[in-house]
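Here are some notes for a colleague who is about to look through this model. They are set out as numbered points, to be read alongside the sequence and the structure.

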Amino acid sequence: MVRPYAIKGKKRKNRGEKYDKKEQEHEEQVEEEEEKEPAKRAAIEKPTEEVVGKEEEEGGEAGTDELVGIPIVPSDKKNNKNGVIFVLEKASLEVAKVGKSFQLLNSDDHANFLRKNNKNPADYRPDITHQALLSILDSPVNKAGRLQAVYVRTEKGVLFEVKPHVRIPRTYKRFSGIMLQLLQKLNITAVGKREKLLRVIKNPVTNYFPVNSRKIGFSYSSDKLVKMRKYVDAVGDDVNIIFVVGEMAHGKIKLDYIDDFIAISGYPLSAAMCIARITEALADKWSIL
């Protein structure tokens, strides 16, 4: 049965009316947007000083890494006194292509891969660096604004700087992702700012030391066994103290720029425990509670 032409034509007419109404509504919306556009442009082109000041004040809360969860920690920057610098040497942070993706090598997840490449899995311990950075950045010394800088040099000789106001991820999985991004892109910047929270820098590390500084290394095999509190008390207040801590699973650091090698315990200590003793002694010296 053929459909009547009258009904068909009627439907076309109704459709045409609907389209006409839609076109009219669209034209009205375009006209309204054109009227509002100059006001929007003026608002964008004319930033106020109040907004800029607020961004500077709230920069610590707003600035984060591209990966969510690396906020900036507020610290007491009004303190102009000499502080402390940490250098973490021989950190086991190495990136390799495992399968189809690049990964930060560690002894737990890549033991078979490392053995196939004639490498000892026990030497690949990025978790040591993770624990050491948490111990430094969580310390009252850092929160009081007395931590000047943290430098990390990998086993391969890559040197990078960690800003004192960065909050390192708590979990190893997220830390591994951050280190992978850093070693591939060479820096991690805060969103909305040009400040580089972590960045790869040129060697040697001594180029970044203050003029009046004392470089102190740690080794269990050192003949000079000291109490950390008495040792830091003997250092003058006008001297910047630089502590060099090894990040390897076994062995000791041998560096020419170190002024003094000391042992702070009769037993071997982990890097995180060694740093905890250092920061505790400095907090007592500077009356930081």
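1. Which residue lies over the face of Trp286, and at what distance from the ring centre? The model is a predicted one, and in it the residue over the face of Trp286 is Arg146, at 4.0 Å from the ring centre. Arg146 and Trp286 also appear together in the lining of the largest cavity, which is taken up in point 4.

2. On the overall architecture, the secondary structure of the protein comes to nine helices and 10 strands. The protein has 289 residues, of which 39% count as buried. Among the contacts with a separation of 6 or more, 75% are made by residues that stand 24 or more positions apart.

3. The largest pocket holds about 560 Å³ of space. Its lining is made up of 26 residues, and those closest to the centre of the pocket are Tyr220, Gly251, Leu269, Ser270 and Ala271. At least two lining residues come from each of helix H5 (126-137), strand S9 (240-246) and helix H9 (271-285), and H9 gives the most, with three residues. By class, the lining of this pocket divides into 16 nonpolar, eight polar and two charged residues.

4. A search of the whole structure also finds two cavities of 30 Å³ or more, and the largest cavity has a volume of about 40 Å³. The residues that line the largest cavity are Asn82, Gly83, Arg146, Gly236, Asp237, Val239, Lys285 and Trp286. Its lining has two nonpolar, three polar and three charged residues.

5. The count of aromatic pairs comes to five. For Tyr172 and Phe175, the ring centres are 6.5 Å apart and the planes stand at 45 degrees, so the pair is classed as tilted. Both residues belong to helix H7 (residues 172-185), and because they are three residues apart there, about one helical turn separates them. Tyr172 counts as partly exposed because its relative accessibility is 24%, whereas Phe175, at 0% relative accessibility, counts as buried. Phe218 and Phe243 form another aromatic pair that is tilted, with 5.7 Å from centre to centre and 35 degrees between the planes. This pair links distant parts of the chain, since Phe218 is in strand S8 (residues 213-218) and Phe243 is in strand S9, 25 residues apart. Phe218 and Phe243 are both buried, and ring pairs link them with Phe86 into a cluster.

6. What does Glu161 touch, leaving aside residues up to four places away in sequence? Glu161 has its place in strand S5 (residues 159-162), and there it touches Val150, Tyr151, Leu197, Leu198, Arg199 and Ile201. With a relative accessibility of 9%, Glu161 is a charged residue that counts as buried.

7. His165 and Gly99 are both loop residues, and they may be read side by side. His165 lies in the loop between S5 and H7 and is buried, with a relative accessible area of 9%. The C-alpha atoms of His165 and Ala149 are separated by 9.7 Å, with these positions 16 residues apart along the chain counted as their spacing. Gly99, in the loop between strand S2 (95-98) and strand S3 (101-104), is exposed, with a relative accessible area of 67%. Gly99 and Phe113, 14 residues apart in sequence, are 9.7 Å apart in space, C-alpha to C-alpha.

8. Some backbone geometry deserves a check by eye. Most residues other than glycine have a negative phi, and most peptide bonds are trans. Asn203 and Pro204, however, are joined by a cis peptide bond with omega at about 0 degrees, and Pro204 is found in the loop between strand S7 (196-201) and S8. Lys90, a residue other than glycine, has a positive phi near 55 degrees; Lys90 lies in strand S1 (residues 84-91) and, at 31% relative accessibility, counts as partly exposed. Ser287 is not a glycine either, yet its phi is positive, at about 55 degrees. The place of Ser287 is in the segment after H9, and at 62% relative accessibility Ser287 counts as exposed.

How values were computed
Residues are numbered from 1 along each chain as its sequence is written. This is a predicted model: local features need pLDDT of at least 70, side-chain atom pairs count only at pLDDT 80 or more; totals for chains, interfaces and linings use all residues. Side-chain values use heavy atoms; hydrogens and water are left out. On a 1 Å grid over the protein atoms alone, a cavity is a set of points where a 1.4 Å probe fits but cannot get out, and a pocket is an open set with protein on both sides within 12 Å along at least five of seven lines; lining residues have an atom within 4 Å of a point. Grid points are joined across faces, edges and corners, and a volume is the space filled by probe spheres set on the points. Helices (H or I, at least four residues) and strands (E, at least two) are DSSP runs, numbered from the N terminus. Rings of Phe, Tyr and Trp (its six-membered ring) pair if their centres lie within 6.5 Å; planes under 30 degrees apart count as stacked, over 60 as edge-to-face and the rest as tilted. Buried means under 20% relative accessible area, exposed over 50%, partly exposed in between (1.4 Å probe, protein chains only). A charge sits over a ring if NZ of Lys or CZ of Arg is within 6 Å of the ring centre and within 35 degrees of the ring normal. Contact means heavy atoms within 4.5 Å.
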